[in-house]
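This report goes through selected features of one structure, from internal cavities to aromatic pairs and individual arginines. The sequence and the model are shown first.

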Amino acid sequence: MTPHFRPALLAAALAPLFANPVLAQNKELDPVVVTATRQAQRISETIADVTVLEQEHIERSSASTLGELLGRVAGIEFSRTGSRGAAESLYIRGTESSHTLMLIDGVRFGSATLGTSPLEMIPLNQISRIEIVRGPASSIYGSDAIGGVINIITRREQPGSTVSLGYGNRGSYEAALSTAQTLDRLRVSARVGFSGSDGINSLTSTGNPFYNSDKDGTNNRNGSLDLRYQLNPDSEIGASHLESHSRTRIDNALYDPNFFTYSSANLDYKNQDKITRSSVFARSRFSDSWTSQLQFGQSQNISEQNLPTTLGQPPQKFTTNQDQVAWQNDVKLPLGNALVLLEHLGQRVGGTQSYATSARTINSASLGWNGQIDAHTWQLNTRHDNNSQFGEKTTYTAGYGFRLTPLWRLSGSIGTAFKAPTFNDLYYPNDGFGQGNAALKPETSKNTELAARYDDGRNLLKLTWFKNEIKDLIQWAPTANPFFWTPSNVGKAEIDGWELQGSTRIGDWQLA
């Protein structure tokens, strides 16, 4: 990896870190994060490399999409295949985009055929905060978390109603309406939003066979509902639903395999996408030392093109349904906290393609122990996954932190992770251009990292070194026929890197 620095901004941001510490009464609140261990803890106490983006940060940013926002976080690179509304991808610490596990309120979402998540479908107006964990987390969440985990927490409004409107150039617009009410022990929160843009012409070269003279605009409509009922001071039940629909114009062409030519480039190609995420939960504190939560979650991802891209074929449609059941128990021990988790995940795919196998189940059990005593902090996790397609996989994480002074801390960790092959990797049917490989093995990784952190509540400086070794990488490549592609497990990759983060507040300004 080649680091890129902006010396002037970095110097301005970090200069106050070497001055005298601010007074304790000026110390800002230490955010609480859940994603790093699945248990609440102060971000200054986490072993994992964590960033939290609060709602205030999201609203003040100039980002128009989730990908643009996350691309500004240390260790994350962002790309988009066209103008706003086109597919967005994230790469954490140099890993593949499919090596990041995406969650909405702790529930998996995304495509089990592509192995990625449609970031462009998550409107910023529905997000309350984002918790980002860099580094392996399969010992807590299972498959896909080789590069890291991003957990998007949706908004639950305060009592009252709000309306927001916005308009910009290129026909861009945004509108959102929210309301929330408290009725005795019942809390109800709802939010709807609309956004769109006329866009630009993503391809400007008329010689490109995919050139289309129209603008590649987009529009989105979304809504959410959250219900929570307090049974008693120690027990709560709830349900929530999030839905987002979008339509995006793209540049494309019709391929004729008989003559190896592209034609009809000016047809009006659109991607029509839909995602949903629903969950119900029951949480209860049975004693001062035992809290238990049972959650049922479901997510759906539908992607459809309105016109075929190959002569003689119907328009393509891909669907993924994921059903998740998690029973989590948090136990306070004489020393630290224990996590006991049982989880079931069912994945089903469908659409215009006919897969030899279209469903799989994963049953998992996870144990964790984390805590702090004096200057010492620790985190231990292990997880066992049983996948109906390829069998069993066990992963672990071990981390330790030592506080040198009230403001300086050193930490280190080692952990393993894996990624299951997608349905496309395994079973994509022979379409004349490529075919899946049912003999693929999961990708596996082992990550080691060391970090030094300074934090006085207003000024932050963190330096992290990491080394991630990934084996059995799944790569699609042409066979003897250069126009026919298949996947295989190939060799290994080693990613070494450094992350330098710094931020400070000067009056009403924050530099980072």
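The sections below treat cavities, ring pairs and two arginine residues in a model that is predicted.

## Cavities

Rolling a probe the size of a water molecule over the atoms shows where empty space is left. Counting cavities of 30 Å³ or more gives four. The largest cavity encloses about 160 Å³ of space, and its lining is made up of 19 residues. Ala48, Arg134, Pro136, Thr397 and Ser413 are the lining residues nearest the centre of the largest cavity. Two or more lining residues come from each of strand S8 (127-134), strand S23 (391-403), strand S24 (408-419) and strand S25 (443-455). By class, nine residues of this lining are nonpolar, seven are polar and three are charged.

The second largest cavity holds about 80 Å³ of space. Its lining has 13 residues, and those nearest its centre are Thr154, Arg155, Ser224, Leu225 and Asp226. Strand S12 (186-197), strand S13 (218-232) and strand S14 (235-249) each contribute at least two residues to the lining of the second largest cavity. Here the lining divides into three nonpolar, five polar and five charged residues.

## Aromatic pairs

A pair of aromatic rings is described by the distance of the centres and the angle of the planes. The structure contains nine aromatic pairs. One of them joins Tyr255 and Tyr262, with 5.0 Å from centre to centre and 50° between the planes, and is classed as tilted. Tyr255 has a relative accessible area of 12% and is therefore buried, whereas Tyr262, at 41%, is partly exposed. The rings of Phe390 and Phe418 form an edge-to-face pair, because their planes stand at 80°, with the centres 6.3 Å apart. Phe390 is in the loop between strand S22 (376-387) and S23, and Phe418 is in strand S24, so this pair ties together parts that are 28 residues apart in sequence.

The accessibility of these two phenylalanines can be stated separately. Phe390 is partly exposed, at 25% relative accessibility, while Phe418 is buried, at 3%. Ring pairs also link Phe210, Tyr255, Tyr262 and Phe433 into a cluster, which brings in the tilted pair of Tyr255 and Tyr262 described above.

## Arg93 and its contacts

Arg93 lies in the loop between strand S5 (88-92) and strand S6 (100-104). With a relative accessibility of 4%, Arg93 is buried, because the cut-off for that class is under 20%.

The side chain of Arg93 makes polar contacts with two acidic side chains: one of 3.1 Å with Asp49 and one of 2.9 Å with Glu449. The charged end of Arg93 also sits over the ring of Phe466, at 4.4 Å from the ring centre. Asp49, Glu449 and Phe466 are thus the partners given here for this buried arginine.

## Arg108 and Asp323

Arg108 belongs to strand S7 (residues 107-108). Its relative accessible area is 10%, so Arg108 is buried.

Between Arg108 and Asp323 the separation in sequence is 215 residues. In space, the C-alpha atoms of Arg108 and Asp323 are 8.8 Å apart.

How values were computed
Residues numbered from 1 in each chain as written. Predicted model: local features only at pLDDT ≥ 70, side-chain atom pairs only at ≥ 80, totals over all residues. Heavy atoms only, no water. Helix = DSSP H or I, 4+ residues; strand = E, 2+ residues; numbered from the N terminus. Buried < 20%, exposed > 50% of the residue type's maximum accessible area, 1.4 Å probe, protein only. Polar contact = N/O pair within 3.5 Å; in protein donor to acceptor, adjacent residues only side chain to side chain. 1 Å grid on protein atoms, 1.4 Å probe; cavity = no way out; pocket = protein on both sides within 12 Å on 5 of 7 lines; lining within 4 Å. Points joined across faces, edges and corners; volume = space filled by probe spheres on them. Nonpolar A, V, L, I, M, F, W, Y, C, P; charged D, E, K, R; others polar. Phe/Tyr/Trp six-rings, centres within 6.5 Å; stacked < 30°, edge-to-face > 60°. Lys NZ or Arg CZ within 6 Å of the ring centre and 35° of its normal.
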